[in-house]
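Me: Please take a close look at a single part of this model. I would like one helix examined first, then its wider setting.

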Amino acid sequence: MIGKLILTDLMKIRRKGIWFLAVLGPFGVVALQMVNYGLRKDWFIQQDTYSWFYYIRNVNAFTPFALVLGIVILTSFMASIENETNSWKQIIALPVSKWSVYLSKYTTLTILLVFATCLLTLFSVCFGIFLGLEGEVLFLDLIKYSFYTFLASMPILGLQLWISIISQNQGIPITFGVIGVILTYMAYFLPDWMIWKWPSLENQWDEPLINACFGLAVGLAIYVFGMLDFIRRDVK
Amino acid sequence: MEYIVETNKLTKRFGKEYAVEALDLKIPKGEIYGFLGPNGAGKTTTIRMLLGLMRPTLGSIQIFGKDLTRERIDILKKVGSLVENPSYYPHLTAYENLEALRKIYGVPKKRIDEVLKIVRLSDVRNKKVKGFSLGMKQRLGIAASLLNNPELLILDEPTNGLDPSGIIEIRNLIKRLATEEGMTILISSHLLSEIDQIANHVGIISKGKMIFQDSIEVMRRQSQNKILLKVNDCKMAWNFLISNGIEADFSLESISLLDRKDENVAMVVRLLVENGFSIYRVEEEKRTLEDTFLQMTTEERAI
């Protein structure tokens, strides 16, 4: 049942430019490094930081920002497809359980974001190789910094999806999301417990894995909370 | 009689307002049930509860003899519905819109072409719904509700926004579905004339309460034309008529005769005159179904 729902959800995002956004995001992040390395290549060499290690951290400086922005836009998009002509009433009147409808939306978004994360890794590797950085390609580091960031931002995904789906007016989740993007941007100044800090993979123990694990756990908790609320609500 | 839908004291409260109050809806199998009521009477809220979109505050719903809260998914497999304005995805074509629903029902793909043909949208199957007229969107909504060959079809104001020829078309379609496919159909409307032409069972709801529920013949009988007689002493005249075996109703100022045949009226008049009653007026009261409906709903409002 859930498989069929995901298939229909993937069908509904056709011609909406959503896949394009999923490509544009990671491309944009790497494009910023193209500018960075294009302008300051000599400076990096001079500073002895023209290596994979520093390159990956430079890429990662913009990933959280792009990812959170992407989550805000995609969740709102997904919700607006159903809100536009209030097709929630049509879906819920189908022989499907309400939780599977919610899970399907969540899974579709996860598919899109994982796709974008994979592209980010791919683009980073390609541009890194193009630059001819010093040393071996640090694949593990690359994958870590892409996917840990994704896992660490799962609470934001859960929260935005919930707000988008329950809001008739998509201005609310967008406003909330923009504040989130700004917070993500200021991650350095935020306390460790704030979910908007987590995608930066920074914490007082200097261990990115903590952010990823917490992200996964809290993300799933928020997802379950949103789903239970969705089940409880009457469909207008 | 076998009931496809049966609700027991169905109630929905929004805050302090009762949208639907202690509703006992009974829809017999194979009938077209007209669900009538003025705007805001609680028709759509009731339908939403029947489809499991809203949770009743109180009461229970049985569809196909099964409890809705417990076996919702099983029930919905055999129910088709169109609630209020049709829902669709404007950026997808008519075919893709139906395909998205077909996948979930798991019916064969050729069913999409069948339902498109039923609502005569085959020509525009590959056009985006964005460009459809309201009538076409409404028809697409009906096509969607027929996808799973439902045993129970629930249509909420299906002729809303359609032009006269569209209305006739939908009406014929609904009649055909009931006779040929044996579907039980619940159709809501605020227009009596609409229901009068297709339904064989009527439920009238006003302010969330069911004020009439029976076959349409019973309602027609209530709204037959009557002969009104005004005489000097109504009560005595009425007693006199009854004792002479004449069917008559007595109200405050007049006697009404149900049998409108000329000879009958003449006989009654003669009887009354011969027995010393003074007849002031003999008039025919014309009542349409619409009058009965209006009277029923406004009486409720007056309380």
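The reply below starts with one helix and then moves outward.

Me: Which residues of α3(B) are buried, and what do they pack against?

Reply: A caution first: this is a predicted model.

Helix α3 of chain B covers residues 94–105, 12 residues in total. From first C-alpha to last it reaches 17 Å. That is close to the 16 Å expected at 1.5 Å a residue.

Now burial. Of the 12 residues, 11 are buried, so α3(B) is largely enclosed by the rest of the structure. The cut-off behind this is under 20% relative accessible area. The buried set opens with Ala94(B), Tyr95(B), Glu96(B) and Asn97(B). It also includes Leu98(B), Glu99(B), Ala100(B), Leu101(B) and Arg102(B). Ile104(B) and Tyr105(B) complete it.

The packing partners come from both chains. From chain A, the buried residues of α3(B) meet α1 (2–12) and α5 (88–92). From chain B, they pack against α2 (72–76), β7 (79–82), α4 (110–118) and α5 (134–146). After the helix comes Gly106(B), with a positive phi near 70 degrees.

Next, the domains of chain B. Domain 1 is made of 3–78 + 150–219, and domain 2 of 225–286. Their C-alpha centres lie 41 Å apart.

One more residue of chain B deserves a look. Arg171(B) is placed in helix α6, residues 164–180. Its relative accessible area is 13%, so Arg171(B) is buried. Leaving aside neighbours within four places in sequence, Arg171(B) is in contact with Glu194(B), Gln197(B) and Ile198(B). Pro158(B) is 13 residues away along the chain, and its C-alpha is separated from that of Arg171(B) by 9.3 Å.

Chain A supplies two of the helices that α3(B) packs against, α1 and α5. Chain A has 10 helices and 0 strands. Its elements therefore read α-α-α-α-α-α-α-α-α-α from the N terminus, as helices and strands are taken from DSSP runs. The radius of gyration of chain A is 19 Å, which agrees with the value near 18 Å for a compact globule of 236 residues. The C-alpha trace spans about 65 × 40 × 30 Å along its principal axes. Of the 236 residues, 53% count as buried. Take the contacts in chain A between residues at least 6 apart in sequence: 79% of them join residues at least 24 apart.

Finally, the aromatic rings. Over all chains, the structure holds 21 aromatic pairs. In one of them, Trp43(A) and Phe44(A) have ring centres 5.6 Å apart and planes at 70 degrees, so the pair is edge-to-face. Trp43(A) is partly exposed, at 40% relative accessible area. Phe44(A) counts as buried, at 4%. Phe53(A) and Tyr54(A) form another edge-to-face pair, with centres 5.3 Å apart and planes at 85 degrees. Phe53(A) is partly exposed at 37%, and Tyr54(A) is partly exposed at 39%.

Ring pairs also build a cluster in chain A. It links Tyr37(A), Trp43(A), Phe44(A), Tyr50(A), Trp52(A), Tyr55(A), Phe127(A) and Phe130(A).

Charges sit over rings too. The charged end of Arg57(A) lies over the ring of Phe53(A), 3.6 Å from its centre. In chain B, the charged end of Lys78(B) sits over the ring of Phe64(B), 4.6 Å from its centre.

Conventions. Residues are numbered from 1 along each chain as its sequence is written. Chains are lettered from A and ligands numbered from 1 in the order in which they are written. This is a predicted model: local features need pLDDT of at least 70, side-chain atom pairs count only at pLDDT 80 or more; totals for chains, interfaces and linings use all residues. Side-chain values use heavy atoms; hydrogens and water are left out. Domain bounds come from an automatic or database domain assignment. Helices (H or I, at least four residues) and strands (E, at least two) are DSSP runs, numbered from the N terminus. The expected span of a helix is 1.5 Å times one less than its number of residues. Buried means under 20% relative accessible area, exposed over 50%, partly exposed in between (1.4 Å probe, protein chains only). Contact means heavy atoms within 4.5 Å. Rings of Phe, Tyr and Trp (its six-membered ring) pair if their centres lie within 6.5 Å; planes under 30 degrees apart count as stacked, over 60 as edge-to-face and the rest as tilted. A charge sits over a ring if NZ of Lys or CZ of Arg is within 6 Å of the ring centre and within 35 degrees of the ring normal. The radius of gyration is taken over C-alpha atoms; the globule rule is 2.2 Å times the number of residues to the power 0.38.
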